[in-house]
Amino acid sequence: MVVAILLGGSVRAADDGDWTMPAHDYASTRYSALAEVTPANVAQLKLAWSFSTSIDKGHEAAPIVVGGTMYVVTPYPNHVIAFDLTKPGASVKWTFDPKANPKAQGVACCDVVNRGAVYADGRLFFNALDNQTIALDAVSGKELWRTKLGDIAVGQSITMAPIVVKGKVLVGNSGGELGVRGWLVALDAATGTEAWRAYSTGPDKDVLIGAAFKPFYPDDRAADLGVKTWPPDAWRIGGGTVWGWISYDPELDLIYYGTGNPGPWNPEQRPGANKWTSGIFARRPDTGDAVWFYQTSPHDLHDYDSVNESVLADLPLDGKTVKVLLRPDRNGYLYVIDRVTGRVLSADPFVHVTTSFGVDLETGALRYNPAKAPALGKVVREVCPASPGGKDWQPSAWSPRTKLLYVPHQNLCQDSVAYETSYIAGTPYVGADAKMYADPAGQRGAFMAWDPIAHRKAWSIAEHFPVWSGALVTAGDVAFYGTLDGWFKAVDAKNGNALWRFKTSSGVIGQPIAYRGPDGRQYIAVLAGVGGWAGAVVSGDLDTRDGTAAAGFVNAMKDLPDATRKGGMLYVFRLP
Amino acid sequence: MSSASRSAVLVCAWLCIASAALPARDFRVCADPDNAPLSREDETGFENRIARLVAAELGAELRYEWLPLRRGFVRKTMGSGSCDVFIGVPKHLSSVLTTRAYYRSSYVFVNGPSARGIDTFDDARLMALRIGVQLVGQDLAATPAGYALAATGHVDNVRGFTVYGDGPAAEREVDAIRNGALDLALVWGPQAGYFAARATPPLELRIVRPPASIVTAPFEFDIAMGVRRGDVALRDELDAILDRRRDDIDAILSQFSVPRTDLSRRASP
């Protein structure tokens with residue numbers, strides 16, 4: 001599972017020390033085969049160099065490292081900075097400014113984040129917030145092409161990191177709550193020309209559902225369910241945006257990705273399963289043809305997007321090796337899915353869950369708790385997990401050595417307690433007033449290791465704030481993550497013992513990586529810079545007196561402004 | 001110093017103070033650049049007209065901070081210190097301090113020829129008609145009309161109009177009635193009144209009579225000006241002007257065909 005196959009015939013082992021895509025490899029393991037840093041020596045880890053991005057919004061990206069150069073893409077205005085790792089202090093080689101449309105900032109729902117660039121065949125690909133995908137020459141930083149995929153005027157934006165599979169750049173959109181119809185687009189990596197576009201709602205021909213489509217569960221097998229599981233025409237603005245992660249299995253030749261929540265309708269006005277929102281697609285990368293789909297949250301009632309990462313692993317289950325997809329979902333369940341067929345093998349709660357009673361393994365159906373369904377005028381308390389889910393965008397890491405999945409996540413519940421007057425574009429209405437807070441155990445965040453074979457947590461580290469950063473695990477059996485209050489931490493991958501920590505200038509919501517520098521040494525890099533939905537109270541200067549701000553998240557984050565300040569900073573560490 | 005140069009200094013001193021004092025203050029308004037008939041960047045909306053009137057009354061220079069009134073608009077404008085006043089917000093919007101309400105309107109039925117006279121969700125004809133509704137696109141919430149349609153079983157015959165799109169949602173709804181794509185639409189009054197009255201032929205407007213089952217979602221809203229929370233001094237000044245210039249403001253609202261429920265239960269025209 002550790003082998004990453006790059007494109008154009010050039011195949012190299014992933015342990016060459018580069019980090020070419022945010023998830024490290026197509027299996028999305030975020031596992032580095034570098035082993036210089038170990039539990040025995042990580043306490044000696046020292047800052048090698050740092051660099052201020054001078055941008056105050058949330059920094060969610062993973063640095064990309066290829067052949068002695070590091071690439072960082074910032075939040076809007078989406079600057080790309082290339083660092084020469086062969087120079088002392090890693091001098092800046094070039095900076096690229098895409099001149100993204102500033103109006104895109106008003107469209108993005110939850111801070112103007114960007115989740116990273118990707119390298120393939122001498123090119124660096126990234127998305128700008130204003131719906132542009134841009135290819136740069138990785139050496140010179142010169143623009144090779146740019147393609148505009150969407151329109152901010154209809155509420156679309158792009159925050160996700162692209163991935164390159166078989167000469168195609170795959171890109172999805174954001175903006176589901178605004179009436180955007182979700183899609184995944186494949187662009188020719190050489191020219192930027194659109195090869196295919198797969199919508200998440202609508203008739204089969206738009207969703208690229210054809211003869212190859214063999215979903216495991218009968219509920220997914222009728223024609224045009226992307227139309228028929230909605231009231232007429234509601235699918236046209238139905239959401240299901242694709243703002244999360246994409247994985248690829250070269251042997252099966254399948255890509256895997258999740259779709260976002262249905263929108264922008266109130267649930268009462270969109271009866272039906274609302275396919276193909278809040279679920280997982282398997283598709284052929286050449287054509288986009290759908291092969292299977294599984295809906296984690298049918299007729300989503302709680303904003304449980306299903307865009308989380310799909311980590312591909314081969315697990316010993318019932319005496320044989322099974323190709324699975326590991327998925328800690330926003331709805332609070334950790335799914336183990338047969339990635340050949342789309343069958344759910346297990347689904348265990350990894351957080352406190354009140355909105356459902358479990359997943360029926362016969363039918364695949366999520367068994368909702370009707371008492372927690374939102375309804376106008378009804379007070380609903382202890383909705384767990386809250387809308388950001390048991391885990392939001394922050395990606396997990398998988399170690400083939402420990403066979404544990406390292407999951408940064410949150411433990412939040414919410415109440416819809418009152419109905420407040422709201423106002424959008426000159427239109428007054430009354431909306432639910434949500435307030436989030438820690439689950440009954442009382443800790444808002446955790447970094448945990450999940451054993452998917454034993455169906456249980458191996459260990460868990462409680463954190464004061466939601467853990468909104470990505471995870472990294474290395475062959476030295478050290479796992480890394482960052483906290484919103486600005487601690488970058490190393491723990492023993494086997495038992496979770498705290499080994500080292502470093503206080504950063506701003507909260508960490510970025511994705512840590514490991515790489516081998518031109519000097520042959522192992523480096524650990526991470527972007528600090530608080531923000532995102534969880535950290536917007538700091539990066540957006542939200543009023544802590546208004547608990548309902550950031551869709552209720554501020555209520556759970558009132559102490560964050562006292563714990564950290566905004567501002568992007570790249571940190572790179574090495575043993576002495 | 002000669003007396004001529006002394007007097008020049010004096011003149012300058014007097015003039016300079018006067019000219020420095022002339023734009024005594026700025027009246028900084030937070031406004032949507034493209035939300036007819038309320039506000040437009042060319043200052044032709046009725047809120048722009050009211051802003052001009054208030055600025056003149058204050059002896060202040062009118063300045064705008066243009067930003068679409070979408071999610072987070074209070075934080076992004078007034079919250080960042082770039083402006084001080086919203087000309088029209090719901091009286092009970094808690095993120096700002098509001099003046100006294102200067103008008104009250106309601107969601108209305110905008111009826112095409114096939115839907116004449118409809119003013120209630122219980123009207124038996126509704127089931128066979130195509131209905132437009134505004135979608136606010138926030139936190140699974142709907143307009144009161146959206147809730148009422150779902151509660152009275154109108155799902156399959158409803159078409160949503162999002163906040164985002166080519167022009168205001170209300171204008172797109174009225175256009176859809178005119179070109180026969182819809183039979184009627186549910187629209188917030190000030191937007192409905194303007195676009196319906198200017199359609200040819202003008203479309204019928206009826207104030208919504210809410211179904212008894214929908215008690216928590218009011219269809220009528222009081223509209224006030226909004227200032228920063230705690231800015232009592234400015235609020236009091238604005239209250240005084242709203243009182244003093246009530247007739248002029250009513251005249252502006254009337255020119256823009258705003259249906260009022262604080263004047264009469266009958267909608268215009």
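Visitor: How far apart do the C-alpha centres of domain 1 and domain 2 of chain B lie?
Guide: The two centres are 27 Å apart. This is a predicted model.

Visitor: What makes these two domains, and where are their bounds in chain B?
Guide: Domain 1 takes residues 24–103 + 221–255. Domain 2 takes residues 106–207. The bounds come from an automatic or database domain assignment.

Visitor: How many residues of domain 1 of chain B are in contact with domain 2 of chain B?
Guide: On the domain 1 side there are 6, and they meet 7 residues of domain 2. A pair counts if the C-beta atoms, placed from the backbone, lie within 7 Å. By class, the domain 1 side has 3 nonpolar, 1 polar and 2 charged residues.

Visitor: How many residues does each chain bring to the contact between chain A and chain B?
Guide: Chain B brings 48 residues and chain A brings 45. On the chain B side, β5 (85–90), β8 (131–135), α4 (144–151) and β9 (158–162) each supply at least two residues. α4(B) gives the most, with 5 residues. The classes on that side are 25 nonpolar, 15 polar and 8 charged.

Visitor: Why does the radius of gyration of chain A agree with a compact globule?
Guide: Chain A has 576 residues, for which a compact globule would have a radius of gyration near 25 Å. The value for chain A is 22 Å, so the two agree. Along the principal axes, the C-alpha atoms fill a box of roughly 60 × 55 × 55 Å.

Visitor: Which secondary structure does chain A have, and what share of its residues is buried?
Guide: Chain A has 4 helices and 38 strands. Of its 576 residues, 61% count as buried.

Visitor: Why is strand β13 of chain A called largely enclosed?
Guide: The test for a buried residue is 20 or more other C-beta atoms within 10 Å of its own. In β13(A), residues 183–188, 5 of the 6 residues are buried. The strand is therefore largely enclosed by the rest of the structure.

Visitor: How do you know that β13(A) and β14(A) pair?
Guide: Pairing needs at least two bridges. β13(A) and β14(A), residues 194–199, have 5, in the antiparallel sense. In this pair, Ala186(A) stands opposite Trp196(A). The hairpin has 5 residues between the strands, and Gly192(A) takes a positive phi near 85° there.

Visitor: What makes β12(A) a partner of β13(A)?
Guide: β12(A), residues 168–172, joins β13(A) over 5 bridges, again antiparallel. The cut-off is at least two, so the strands pair. Lys168(A) has Asp188(A) as its bridge partner.

Key: Residues numbered from 1 in each chain as written. Chains lettered and ligands numbered in written order. Predicted model: local features only at pLDDT ≥ 70, side-chain atom pairs only at ≥ 80, totals over all residues. Contact = placed C-beta atoms within 7 Å. Nonpolar A, V, L, I, M, F, W, Y, C, P; charged D, E, K, R; others polar. Rg over C-alpha atoms; globule rule 2.2 N^0.38 Å. Buried ≥ 20, exposed ≤ 12 C-beta atoms within 10 Å, placed from the backbone.
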